[in-house]
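Here is a set of questions and answers for a first look at this model. Start with the charged side chains, then move on to the sheet, the cores and the backbone.

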Amino acid sequence: MTSASKTTSHRPRRPLRLTAGAVVAAAVGWSLVAVPGAAAAEQAEPRAELVFEQTAEPIEGVRPGDSAEVSFAVKNKGDAPATRVVLYLGGSQGLEYAKKYSNCVYEEAPAQDEGPARTNAVCDIEQTLEPGVVYEPGEPIGLKLLDRALYERLDVNILAGVNRFPDGTQHGGGADPVLKLVARTTPEAPGTVHGGELGVDITAENTADFALTGSKVRGAAGRTVEAKVTFANKGPAWARNDVYGPIGVFDVGIPEGTKVTGVPEFCEPAEAAATYRCTTPYNYADEDSERAYVFGLRIEKVVANATGKVAFVKGDNRWGTLPFDKNRTNNTAEIVVNEPGGGASSGGTTSGTTSGGTTGGASGGTDGAASSTGGSGAGTQLDELAETGTTDGTLLAGGAAVVLLAAGGAAVAIRRRTS
């Protein structure tokens, strides 16, 4: 399965309905048998019901650049033929379709709300699926794993009676032949489990380098300074959690002699004293993306070299803390206040909010860290080195940049997600 480029529900059964006459008859104690048309009203009209065999196994051991194939089996469990059938394919953003079938329409859906970008296809299956018959695609759905691939997933859904393509898609889809479903000749295994949707997890052998950066600030007693902590995913893969919780969770220690006057968004007091717990906004982080968290700190007492530790902690997931991150040298950082001999600041009035942008495919709609004001003046923040979490002594003018971290969608798991 080897063979490519980096980019910076169940429909419930219709309930039985009684005719108005039958309802009235029941209310007054009449026999329903005596009501004309009552017996017919109790019978549900024939309809198609398409369900998937829940037998697709997770795909593991593949690498970026490899190919993967996904097949499925769908059965018409209803008592009427299925017509106007539409097949939906939803791939995570580390996947690319190997073929573009002529009866499918393809879409690169950007990140929106709390969901990551996706690569989707909607296919017009101009066939009649007969009751009781199991169908499979004429060939497996071919996928390519991009450089950013890590925890990927292909979701498959199929519906009948959908007027999605009134004129068909034969002239509006891809250049490859038609994607067809063919009847399977082998009998269905006893006890086969069915469901209205199917999801296949694809785990690539790849890494995502999560990094924390701290900062050094200076100020006299009574001053308010802005201390910035930055979370970044340096890639090469994007990563998302196997649950809907944040993909990154870290604690920020508050340096001795300071009082928090401004708390950034997605941070709140932790159980430990003088510690705040911060998270990424969503359950995923794109590669080459970062986000700043700016704390307003009022210097109550000047303590030389007062230090607060910043470090990742285990979040809400099933597989531990950052198993995909093989570079642990940048998983901790520090906030240092009034380091002896370290680039003195002017102690001016540089309080305020932060601003910034995105890099390398980060997306979303959250502004970032909240305003960290809270005193009559603010010390000037020193820049930090992204790799080590220490500073190089360069002064920053005004507030620090907030860089947006994108998020979302359906959660992906190393194991198959249970429904």
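Q: How many salt bridges does the count come to?
A: A salt bridge here needs a side-chain nitrogen of Lys or Arg within 4 Å of a carboxyl oxygen of Asp or Glu. Side chains of opposite charge can pair when their charged atoms come close. By this rule the count is 14.

Q: What kind of model is this, and how are residues numbered?
A: Residues are numbered from 1 along each chain as its sequence is written, and side-chain values use heavy atoms, with hydrogens and water left out. Local features need pLDDT of at least 70, side-chain atom pairs count only at pLDDT 80 or more, and totals for chains, interfaces and linings use all residues, since the model is predicted.

Q: Which residue forms a salt bridge with Arg184?
A: The closest N and O atoms of the pair are 3.4 Å apart. Arg184 sits in the loop between strand S12 (181–183) and strand S13 (194–195). Its partner is in strand S9 (residues 134–137), 48 residues apart from Arg184. Strands are DSSP runs of E with at least two residues, numbered from the N terminus, and the partner in S9 is Glu136.

Q: Is Arg184 buried, partly exposed or exposed?
A: Buried means under 20% relative accessible area, exposed means over 50%, and partly exposed lies in between (1.4 Å probe, protein chains only). Glu136 has 25% relative accessibility and counts as partly exposed. Arg184 has a relative accessible area of 21%, so the label is partly exposed.

Q: Which parts does the pair of Arg148 and Asp286 tie together?
A: The side chains of Arg148 and Asp286 meet in a salt bridge of 3.8 Å, N to O. The two residues are 138 apart in sequence, so their pairing ties together two parts of the chain. These are the loop between strand S10 (141–145) and strand S11 (151–159), and the loop between strand S23 (284–285) and strand S24 (289–299).

Q: Which residue forms a salt bridge with Arg148 at 3.1 Å?
A: Arg148 is buried, at 6% relative accessible area. The partner lies in the loop between S23 and S24, so the pair ties together parts 139 residues apart in sequence. At 0% relative accessibility, this partner also counts as buried. It is Glu287.

Q: Which residues are joined into one network by salt bridges?
A: The link comes from salt bridges that share partners. The network joins Arg118, Arg153, Asp155 and Asp201.

Q: Which strands stand at the edges of the six-strand sheet?
A: The sheet is open and its pairing is mixed, in the order S16-S26-S25-S19-S22-S21. Two strands pair if DSSP finds at least two bridges between them. Each edge strand has a single partner, so one side is left without a neighbour in the sheet. The edge strands are S16 (215–217) and S21 (267–269).

Q: Do S16 and S26 run parallel or antiparallel?
A: Strands of a sheet pair through backbone hydrogen bonds, either parallel or antiparallel. Val217 has Val337 as its bridge partner in S26, and Lys216 has Val336. Three bridges join S16 to strand S26 (residues 332–337), and the direction is parallel.

Q: Which residue of S26 stands opposite Ala306?
A: Strand S25 (residues 306–312) and S26 are joined by six bridges. These two strands run antiparallel. Opposite Ala306 stands Val337.

Q: Which residues touch the most other members of the largest nonpolar core?
A: A nonpolar core is a set of buried Ala, Val, Leu, Ile, Met, Phe, Trp, Tyr and Cys residues joined through side-chain atoms within 4.5 Å. This one has 37 residues. Its largest share, four residues, comes from strand S14 (residues 197–204). The residues with the most core contacts are Leu87 and Ile158.

Q: How many residues are in the second, separate core?
A: Its members include Val217, Ile254, Val310 and Ile335. The count is 34.

Q: Where is the cis peptide bond that has omega near 5°?
A: The proline of this bond is in strand S17 (residues 224–236). The bond runs from Gly235 to Pro236.

Q: What is the phi of Asn338?
A: Asn338 lies in the segment after S26. Asn338 is buried, with a relative accessible area of 8%. Its phi is positive in a residue other than glycine, near 60°.
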